[in-house]
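Subject: Structure for your review

Dear colleague,

I am passing on the structure we spoke about, and my notes on it follow below. Please read them with the coordinates open beside you.

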Amino acid sequence: MRRVATIRNGVDYKEVEVSAGGYPVYGSGGEFRRASEYLYDGVSVLFGRKGTIDRPLLVTGRFWTVDTMFFTELSEKVEPRFFHYYALTMPFSYYATNTALPSMTQGELGGHRMPLPPLNLQRSIADFLDRETARIDALIDDQQRLVKLFKERRQAAVDLVFNGAPTRRVELRRLLSQSPTYGVLVPRYVEPEEPGAVQFFRVGDLSSAQLVPSARWVSGEQSDEYGRTVLREGDVLLGVVGKMGSAAVAPAWASGANVARAVAVLRPAMDVQPELLRAWLTSSEFLEQAGSATSGDSVQPTLGMADLSRFIVSWPSTSGVWHRLELSLSRLDALIAETERFIELSKERRAALITAAVTGQIDVRDAVA
């Protein structure tokens, strides 16, 4: 790559940062600040030097890059769009250092071997990929809007149960058999084969209504130190740090497991259906109260257990509510899952198409626009 691209280091932007005007400052996620000066003027492909190293960016014009990014000065032998498309296929995990914060050196990047077809063919490949990826991206955008619509309908179905049906207003603690509490502060992970090891759930494991088996385990002794959060079938788990609204019901196989500090365990009273309580924890009524009660910074808001216990719940006073809601949610959840799978397949097709085109596996010269 060094034969067609001179790799330059970015520079810290603090001394040139401005609140308005100026030139874009690029990080791995794209433009995020403005600068009074610029490092380069032209077309360039940016690479992550540290942190996120697997998202090359194609930029043009005058810009500044942060000190955790590389920018490139491209030679006339390479079409910038072709170079960027090829960069998207690189095996960055092969070059990344095996540390908590992945990094890549100029030497490793410059020494990477890449195909370099004639310039006119590079342009043909880039033109082909511009057209085809634009079509795929438009399809993905449509499907993402559809997912958003399904999720809005799902939220409306949940809210209707707690706002439209006959309800009684009670504090959340009245629906529980014990006060909500959170789990292990600093876990010591063990291998699952260790005698007495139990599964350990974190907020990221609460992405669906039902738990899936965790890849993390803690010792039985450490779990016993947090006895109030040792799970039973039907316990409701709630994420209380970060984005609110993640909740799941513990199935029978999760009995005996434990949870992280960012997860609260709510044990429903005998006459409270766990699935319905879990649904309320995703409702607008809960989210509004959680937004008012959380403390901490905007990135990691935290919900206290005492505040959670006093949340007001509009609890349905008629029977059969969960059955009707479950039918509605199951249909919407199936549509969401199907659409999200289609999006993932489209992204995989996009990546495969780019790889095939830039490595010569397909001949794009006769492709019809």
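Let me begin with Q122, which, leaving aside its neighbours within four places in sequence, is in contact with K77, V78, E79, F82, L116 and P117. Please bear in mind throughout that this is a predicted model. Q122 lies in helix α4, and because its relative accessibility is 0%, where the cut-off is under 20%, it counts as buried.

Q122 also takes part in the packing of two helices, since it is listed on the α4 side of the contact between α1 and α4. The axes of these two helices come within 8 Å and cross at roughly 65 degrees, and the crossing in which α1 passes α4 is left-handed. On the α1 side the contact is made by R81, F82 and Y85, while α4 contributes Q122, R123, I125, A126, D127, L129, D130 and T133. Sorted by class, the contact of α1 with α4 holds five nonpolar, two polar and four charged residues.

Both helices also appear in the nonpolar interior. The largest nonpolar core has 36 residues, and those with the most contacts inside it are F47, F83, M90, L109, L129 and V358. At least two residues of this core come from each of β1 (5-9), β6 (44-48), β9 (69-74), α1 (80-87), α2 (92-95), α4 (119-163) and α9 (321-358). Apart from this core lies another, of 35 residues, which includes L172, V249, L276 and V313. As background, nonpolar side chains in soluble globular proteins tend to be buried together. To follow one member of the largest core in detail, M90 touches M1, F47, Y95, L109 and H112, if residues up to four places away in sequence are not counted.

Turning to the strands, which of them does β3 pair with in the antiparallel sense, and over how many bridges? Its antiparallel partner is strand β4 (residues 30-35), to which β3 is joined by five bridges, and the two are connected by a hairpin through two residues. Within this pairing, P24 stands opposite R34 of β4. Strand β3 also pairs with strand β8 (residues 62-65), here in the parallel sense and over two bridges, and the bridge partner of Y26 in β8 is T65. Four of the five residues of β3 (residues 23-27) are buried, and the strand is therefore largely enclosed by the rest of the structure.

Further along the chain there is an open sheet of four strands with antiparallel pairing, in the order β11-β17-β14-β15. Its edge strands are β11 (181-182) and β15 (247-249), each of which pairs on one side only. Two bridges join β11 to the antiparallel strand β17 (residues 263-266), with Y182 standing opposite A264 of β17.

Finally, strand β12 (residues 198-201) has two pairings to look at. With strand β13 (residues 217-218) it pairs in the antiparallel sense over two bridges, and V198 stands opposite V218 there. With strand β16 (residues 258-259) β12 runs parallel, again joined by two bridges, and in this case N258 of β16 is the bridge partner of F200.

With best wishes

Notes:
Residues numbered from 1 in each chain as written. Predicted model: local features only at pLDDT ≥ 70, side-chain atom pairs only at ≥ 80, totals over all residues. Heavy atoms only, no water. Buried < 20%, exposed > 50% of the residue type's maximum accessible area, 1.4 Å probe, protein only. Pairing = 2+ DSSP bridges. Core = buried A, V, L, I, M, F, W, Y, C linked by side-chain atoms within 4.5 Å. Contact = heavy atoms within 4.5 Å. Axes fitted to C-alpha atoms, helices over the stretch in contact; angles between N-to-C directions. Left-handed = near helix turned anticlockwise from the far one by under 90°. Nonpolar A, V, L, I, M, F, W, Y, C, P; charged D, E, K, R; others polar.
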